[in-house]
Amino acid sequence: MDVVVFLVEVVVGLVVSIAAMASLNGPLSSLLVELCGTRERARFWTRYTNMMLFLSPLLSVVLFANPLSALQINFMLLKGAFKSALFGLFVALVVIGFQLVRFTRNQGSESAKT
């Protein structure tokens, strides 16, 4: 039963990860092409960001799973897994957002100087 519970938690993390990647991939790719200057650079950073968006919720679910309360698959297990996955996604988005804001501000100040 422990394996099944773990797999259910991982599936919840996967759903959150895939939903985030699917919703952000297009706009993120366009933004990164503009910021990076070339499609090759943007492709790398898009893939890197997608990996972070994919791994963060999964890592959070694995790290913050509560094995004592997860003796059966019920609403509390799903709620806990979803909460952990959203927390991981939130942390990833905050870090990515700060980096993008910092980079766009730097580029904005450089273009204002020229």
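This is a short tour of a predicted model, going from its largest pocket to its aromatic pairs and then to its largest nonpolar core.

**Stop 1: the largest pocket**

Select Trp45, Thr49, Ile96, Gln99 and Leu100. Of the 19 residues lining the largest pocket, these are the closest to its centre. The space in this pocket comes to about 430 Å³. Now colour helices α1 (2-36), α2 (39-64) and α3 (75-113), the elements that each give two or more residues to the lining. Which of them gives the most? Helix α3 does, with nine residues. Coloured by class, the lining shows 13 nonpolar residues, four polar ones and two charged ones.

**Stop 2: Phe44, Trp45 and Tyr48**

Stay with Trp45 and add Phe44 and Tyr48; the three form one aromatic cluster. The whole structure holds four aromatic pairs. In the pair made by Phe44 and Trp45, the ring centres are 4.8 Å apart and the planes stand at 80°. That angle is over 60 degrees, so the pair counts as edge-to-face. Are these two residues buried or exposed? Phe44 is partly exposed, at a relative accessible area of 47%, and Trp45 is also partly exposed, at 40%.

**Stop 3: Phe64 and Phe87**

Next select Phe64 and Phe87. Their ring centres lie 5.9 Å apart with the planes at 75°, so this pair is edge-to-face. Phe64 belongs to helix α2 and Phe87 to helix α3, so the pair ties together parts that are 23 residues apart in sequence. Phe64 has a relative accessibility of 49% and counts as partly exposed. Phe87, at 46%, is partly exposed as well.

**Stop 4: the largest nonpolar core**

Clear the selection and pick Val16, Ala20, Leu53, Val61, Ala85, Leu89, Ala92 and Ile96. These eight residues make up the largest nonpolar core. Helices α1, α2 and α3 each give two or more residues to this core, and the largest share, four residues, comes from α3. In soluble globular proteins, nonpolar side chains tend to be buried together. Ile96 has appeared before: it is a member of this core and is also among the residues closest to the centre of the largest pocket.

**Stop 5: around Leu89**

Finish by centring the view on Leu89, one of the core residues. What does Leu89 touch once its neighbours within four places in sequence are set aside? The contacts are Val16, Ala20, Leu53 and Pro57. Val16, Ala20 and Leu53 are themselves listed in the core.

Key. Residues numbered from 1 in each chain as written. Predicted model: local features only at pLDDT ≥ 70, side-chain atom pairs only at ≥ 80, totals over all residues. Heavy atoms only, no water. 1 Å grid on protein atoms, 1.4 Å probe; cavity = no way out; pocket = protein on both sides within 12 Å on 5 of 7 lines; lining within 4 Å. Points joined across faces, edges and corners; volume = space filled by probe spheres on them. Nonpolar A, V, L, I, M, F, W, Y, C, P; charged D, E, K, R; others polar. Phe/Tyr/Trp six-rings, centres within 6.5 Å; stacked < 30°, edge-to-face > 60°. Buried < 20%, exposed > 50% of the residue type's maximum accessible area, 1.4 Å probe, protein only. Core = buried A, V, L, I, M, F, W, Y, C linked by side-chain atoms within 4.5 Å. Contact = heavy atoms within 4.5 Å.
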